[in-house]
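Work through the exercises below with the sequence and the model open. Each task is followed by a solution in steps.

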Amino acid sequence: SVVGAACTVEEAQEKANAFTAALTEAAQNDQQKYMDAVTAMQNDLPALQENANDLDTLCKFYDEWTEKLK
């Protein structure tokens, strides 16, 4: 994909899936990371999902947290 290109709905969904997988793993292996991610989801995700035009920010959220959960 082109650097700086807007994140697509499909990419956002893939990133959401990767995040969910990482979250599930963290739930079993690292409770603190898991709780941090759940808190971020509760605080940040509703606003990100509300603004459907801003998929880039949503993708960045998933990327950052998937990375943090590893």
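**Exercise 1.** Determine whether W65 is buried or exposed, and find its aromatic partner F61.

Solution. Step 1: W65 has a relative accessible area of 12% and is therefore buried; buried means under 20% relative accessible area, exposed over 50%, and partly exposed in between, with a 1.4 Å probe and protein chains only. This is a predicted model, in which local features need pLDDT of at least 70 and side-chain atom pairs count only at pLDDT 80 or more, while totals for chains, interfaces and linings use all residues. Residues are numbered from 1 along each chain as its sequence is written, and side-chain values use heavy atoms, with hydrogens and water left out.

Step 2: F61 and W65 form a tilted aromatic pair, 6.5 Å centre to centre with 45 degrees between the planes. Rings of Phe, Tyr and Trp (its six-membered ring) pair if their centres lie within 6.5 Å; planes under 30 degrees apart count as stacked, over 60 as edge-to-face and the rest as tilted.

Step 3: F61 and W65 are four residues apart in helix α3 (residues 55-69), so about one helical turn separates them. Helices (H or I, at least four residues) and strands (E, at least two) are DSSP runs, numbered from the N terminus.

**Exercise 2.** Place F61 among its neighbours: which residues does F61 touch, not counting residues up to four places away in sequence?

Solution. Step 1: F61 sits in helix α3 and is buried, because its relative accessible area is 6%.

Step 2: Beyond four places in sequence, F61 touches A40, M41, D44, L45 and L48, where contact means heavy atoms within 4.5 Å.

Step 3: The whole structure holds four aromatic pairs. In one of them, the ring centres of F61 and Y62 are 5.7 Å apart and the planes stand at 70 degrees, so the pair is edge-to-face. Y62 has 8% relative accessibility and so counts as buried.

Step 4: Ring pairs join F19, F61, Y62 and W65 into a cluster.

**Exercise 3.** Describe how α2 and α3 are arranged, and which residues meet.

Solution. Step 1: Two packed helices are described by the angle between their axes and the distance between the axes. The axes of α2 and α3 come within 11 Å and cross at roughly 180 degrees. Axes are lines fitted to C-alpha atoms, for helices over the stretch in contact, and angles run from 0 to 180 degrees between N-to-C directions.

Step 2: α2 and α3 are therefore roughly antiparallel. Angles under 35 degrees count as roughly parallel, over 145 as roughly antiparallel, 65 to 115 as roughly perpendicular and the rest as oblique.

Step 3: From α2, the contact uses K33, Y34, D36, A37, A40, M41, D44, L45, L48 and Q49; from α3, it uses T57, L58, F61, Y62, W65, K68 and L69.

Step 4: These residues divide into eleven nonpolar, two polar and four charged. Ala, Val, Leu, Ile, Met, Phe, Trp, Tyr, Cys and Pro count as nonpolar, Asp, Glu, Lys and Arg as charged, and the others, Gly among them, as polar.

**Exercise 4.** Do the same for α1 and α3: at what angle do they pack?

Solution. Step 1: The angle between α1 and α3 is about 25 degrees, and their axes are 9 Å apart. α1 and α3 are therefore roughly parallel.

Step 2: α1 passes α3 in a left-handed crossing; a crossing is left-handed if the near helix is turned anticlockwise from the far one by less than a right angle, and right-handed if clockwise.

Step 3: V9, E11, A12, K15, A16, A18, F19, A22, L23 and A26 of α1 meet L55, L58, C59, Y62, D63, W65, T66 and L69 of α3. The contact divides into 14 nonpolar, one polar and three charged residues.

**Exercise 5.** Work out the crossing of α1 with α2.

Solution. Step 1: The axes of helix α1 (residues 9-29) and helix α2 (residues 31-50) come within 7 Å and cross at roughly 140 degrees. That makes α1 oblique to α2.

Step 2: The crossing of α1 past α2 is left-handed. The contact consists of F19, L23, A26, A27 and N29 from α1 with Q31, Y34, A37, V38 and M41 from α2.

Step 3: Those residues divide into eight nonpolar, two polar and no charged.
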